[in-house]
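User: I would like a close look at the charged side chains of this protein and how they pair with one another. Please take your time and connect the details into one account.

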Amino acid sequence: MQQPQSALRAGFLTELSVTGRKMRTLFDGLVRQQGLNLSRARLLLQLARNEAITQSELAARLELEHPTIVRLLDGLEKQGLIRRNTVDGDRRAKQVSLTPAAEGQVAALDETVSSMRGLLLQDVTEEELEVASRVLRKLARNIEAQAPGIRAGEAPPEEPD
């Protein structure tokens, strides 16, 4: 059942989209000071949270196409921040892990994320966060219902060649 359109409903998704872009732009600017970009920083943070993960799993969690993840990993490998190893039993699959050289970079990223979170949420109450989180979960469920193949953390289906 569709709800009637109100000015608030009409502007909410636009406001959400604009806020998301601003947040990504802010984060990108902060991590560029550390010699990274948004994509590489997200990838390093994901690897820090998932020690043993394949390139395909990483692409799905970051919602990136396989060629894109390969290019990002190539750059991080050249910097000495990650390593790729073949997976036992599947020589096509590559398991990705952080190198010891990445520890300082990941610690700096964690500090950046924590600092940014503090700044952005400084005047938002716990009650407001609970309501906003409920709304975002509802939106995610509604999106998933419209596109059944798309789930949180899954990459969109690849286009045929």
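Before that, to set the scene, what percentage of the 161 residues in the chain is buried?

Analyst: Buried residues make up 25% of the 161 residues in this chain, and it should be said at the outset that the model is a predicted one. The chain contains 6 helices and 3 strands, and when they are read along the sequence they follow the pattern α-α-β-α-α-β-β-α-α. Of the contacts with a separation of 6 or more, 51% are accounted for by residues that lie 24 or more positions apart. The chain exposes about 11,500 Å², and 52% of that area is supplied by carbon and sulfur atoms.

Turning to the charged side chains, a search of the whole structure finds 5 salt bridges. As a general point, side chains of opposite charge can pair when their charged atoms come close.

One of these pairs lies within a helix: the side chains of D28 and R32 meet in a salt bridge, with 2.8 Å from N to O. Both residues belong to helix α1, which covers residues 7-32, and because they are 4 residues apart there, about one helical turn separates them. D28 has a relative accessible area of 17% and counts as buried, because the cut-off for that class is under 20%.

Another salt bridge joins D110 and R49, whose closest N and O atoms are 3.7 Å apart. This pair links distant parts of the chain, since D110 sits in helix α5 (residues 103-120) and R49 in helix α2 (residues 38-49), with their positions 61 residues apart in the numbering. The two partners fall into separate accessibility classes, for D110 is partly exposed at 36% relative accessibility, whereas R49 is exposed at 53%.

A further salt bridge is formed by R92 with D90, and here the closest N and O atoms are 3.7 Å apart. R92 is exposed, with a relative accessible area of 73%, while D90 is partly exposed, with a value of 30%. In addition to these pairs, D74, E77 and R84 are joined into one network by salt bridges that share partners.

R84 also serves as a reference point for T99, a residue in the loop between β3 (90-98) and α5. The C-alpha atoms of T99 and R84 are separated by 10.0 Å, and the two residues are 15 apart along the chain. Leaving aside its neighbours within four places in sequence, T99 is in contact with G80, L81, I82 and R83. At 11% relative accessibility, T99 counts as buried.

There remains a group of like charges on the surface, where R134, R137, K138 and R141 form a positive patch. R137, one of its members, is placed in helix α6, which spans residues 126-146. The relative accessible area of R137 is 46%, so this residue is classed as partly exposed. Membership of such a patch calls for over 30% relative accessible area and no salt bridge, and R137 at 46% is therefore above that area cut-off.

Taken together, the charged side chains described here include a pair about one helical turn apart in helix α1, a pair that links helix α5 with helix α2, a network of D74, E77 and R84, and a positive surface patch that includes R137.

Conventions. Residues are numbered from 1 along each chain as its sequence is written. This is a predicted model: local features need pLDDT of at least 70, side-chain atom pairs count only at pLDDT 80 or more; totals for chains, interfaces and linings use all residues. Side-chain values use heavy atoms; hydrogens and water are left out. Patches are made of residues with over 30% relative accessible area and no salt bridge: like charges are joined within 9 Å, nonpolar side chains (Val, Leu, Ile, Met, Phe, Trp, Tyr) within 5 Å. Accessible areas come from the Shrake-Rupley method with a 1.4 Å probe; for residues, only the protein chains shown count as cover. A salt bridge is a side-chain nitrogen of Lys or Arg within 4 Å of a carboxyl oxygen of Asp or Glu. Lys and Arg count as positive and Asp and Glu as negative; His and the chain ends are not counted. The place of a charge is taken as NZ of Lys, CZ of Arg, CG of Asp or CD of Glu. Helices (H or I, at least four residues) and strands (E, at least two) are DSSP runs, numbered from the N terminus. Buried means under 20% relative accessible area, exposed over 50%, partly exposed in between (1.4 Å probe, protein chains only). Contact means heavy atoms within 4.5 Å.
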